[in-house]
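Here are my notes on the entry you sent, set out as numbered points. They deal with the pocket, the ligand and two features of the backbone.

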Amino acid sequence: MQMKLLQDRILKDGQVKEGNILKVDSFLNHQIDIDLLGRIGEEFSRQFAGSGVNKILTIEASGIAIACATAVCFHCPILFAKKTKSLNIAGDVYTSKVESFTHKTVNDIIVSKSFLGPEDRILIIDDFLANGKAILGLSDLVRQAGATLIGAGVVIEKGFQGGGDRIRSMGIDLCSLAIVESMDPVRGIVFRKD
Ligand code: 5GP
């Protein structure tokens, strides 16, 4: 289920930029509206209630606040994958590669083996879903650790970029609180019908 309060806020304050970028940094990933953030965390916890989530996994930096708001509702820790360009500083870690949608560079992402293992039931959280690289990289870390992937929650899915469809077709339980069907600087933003 999409979240009407969030859709209204995107229509009011979101800005469509060149390169299929939606800017929401007045309320979500630069300055953060903490009341809205709390509602987002509650909505994810409702959608994945009863699934035994015991850890939230995200990627630095903009996923962290959203993951924290969600973890407050599950009363569980969050773990954020770090982005690094030099794996040789890393010790005992799981690693994967993620191409950045916004910067077009490839980052190694790492988490310590101490904090992810077979006993974990993981909910992946992120701010945006575009081509799906970030979520696929995070789910690869979950697989390497032998943990259980409960699902993934994203605040804004850009449905026209195909990552969400790909992730759903892999059988991952994906919950997107707003799905943008199309966007254009002049014609504006249209959401997918539920
Ligand atoms: P993906 O890996 O699914 O291609 O892209 C998702 C990642 O790229 C997210 O972690 C997010 O930080 C960034 N991203 C993708 N599209 C947008 C966008 O339209 N606006 C912003 N602010 N970030 C985006």
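1. How many residues line the largest pocket, and which of them lie nearest its centre? In this predicted model, the lining of the largest pocket is made up of 32 residues, and those nearest the centre are Ser62, Phe101, Thr102, Asp127 and Phe128. The elements that contribute two or more residues to this lining are β2, β5 (93-99), β6 (106-112), β7 and α4, and among these β7 gives the most, with four residues.

2. The volume of the largest pocket comes to about 760 Å³. Sorted by class, its lining holds 13 nonpolar, nine polar and 10 charged residues.

3. It is in this largest pocket that the ligand sits. The shell around the ligand has 16 residues, of which Leu22, Ala130, Asn131, Gly132 and Lys158 come nearest. By class, the residues of this shell divide into seven nonpolar, five polar and four charged.

4. As to where the shell comes from, β2 (21-23), β7 (121-129) and α4 (133-145) each provide at least two of its residues. The largest share, four residues, is that of β7, the strand that also gives the most to the lining of the largest pocket.

5. Three polar contacts to the ligand deserve a close look in the display. A backbone N or O atom of Leu22 lies 2.8 Å from an oxygen atom of the ligand, and a backbone N or O atom of Gly132 is placed 2.7 Å from a ligand oxygen atom. For Lys158, by contrast, the contact is made by the side chain, with a polar atom 2.8 Å from an oxygen atom of the ligand. Of the 510 Å² of accessible area that the ligand has on its own, the protein covers 88%.

6. Two points of backbone geometry should be checked as well. The peptide bond that joins Glu60 and Ala61 is cis, with omega at about 5°, and Ala61 belongs to the loop between β3 (55-59) and α3 (63-74). Ser62, one of the residues that lie nearest the centre of the largest pocket, is the next entry to examine along the chain.

7. The other point concerns Asn20, a residue other than glycine whose phi is nonetheless positive, near 60°. Asn20 is found in the loop between β1 (15-17) and β2, and β2 in turn is one of the elements that supply at least two residues of the shell around the ligand.

Key:
Residues are numbered from 1 along each chain as its sequence is written. This is a predicted model: local features need pLDDT of at least 70, side-chain atom pairs count only at pLDDT 80 or more; totals for chains, interfaces and linings use all residues. Side-chain values use heavy atoms; hydrogens and water are left out. A residue is near a molecule or strand if one of its heavy atoms lies within 4 Å of it. A polar contact is a pair of N or O atoms within 3.5 Å; within protein, one must be able to donate a hydrogen and the other to accept it, and residues adjacent in sequence count only if both atoms are side-chain atoms. Accessible areas come from the Shrake-Rupley method with a 1.4 Å probe; for residues, only the protein chains shown count as cover. On a 1 Å grid over the protein atoms alone, a cavity is a set of points where a 1.4 Å probe fits but cannot get out, and a pocket is an open set with protein on both sides within 12 Å along at least five of seven lines; lining residues have an atom within 4 Å of a point. A molecule sits in a cavity or pocket if more than half of its atoms lie within 2 Å of its grid points. Ala, Val, Leu, Ile, Met, Phe, Trp, Tyr, Cys and Pro count as nonpolar, Asp, Glu, Lys and Arg as charged, and the others, Gly among them, as polar. Grid points are joined across faces, edges and corners, and a volume is the space filled by probe spheres set on the points.
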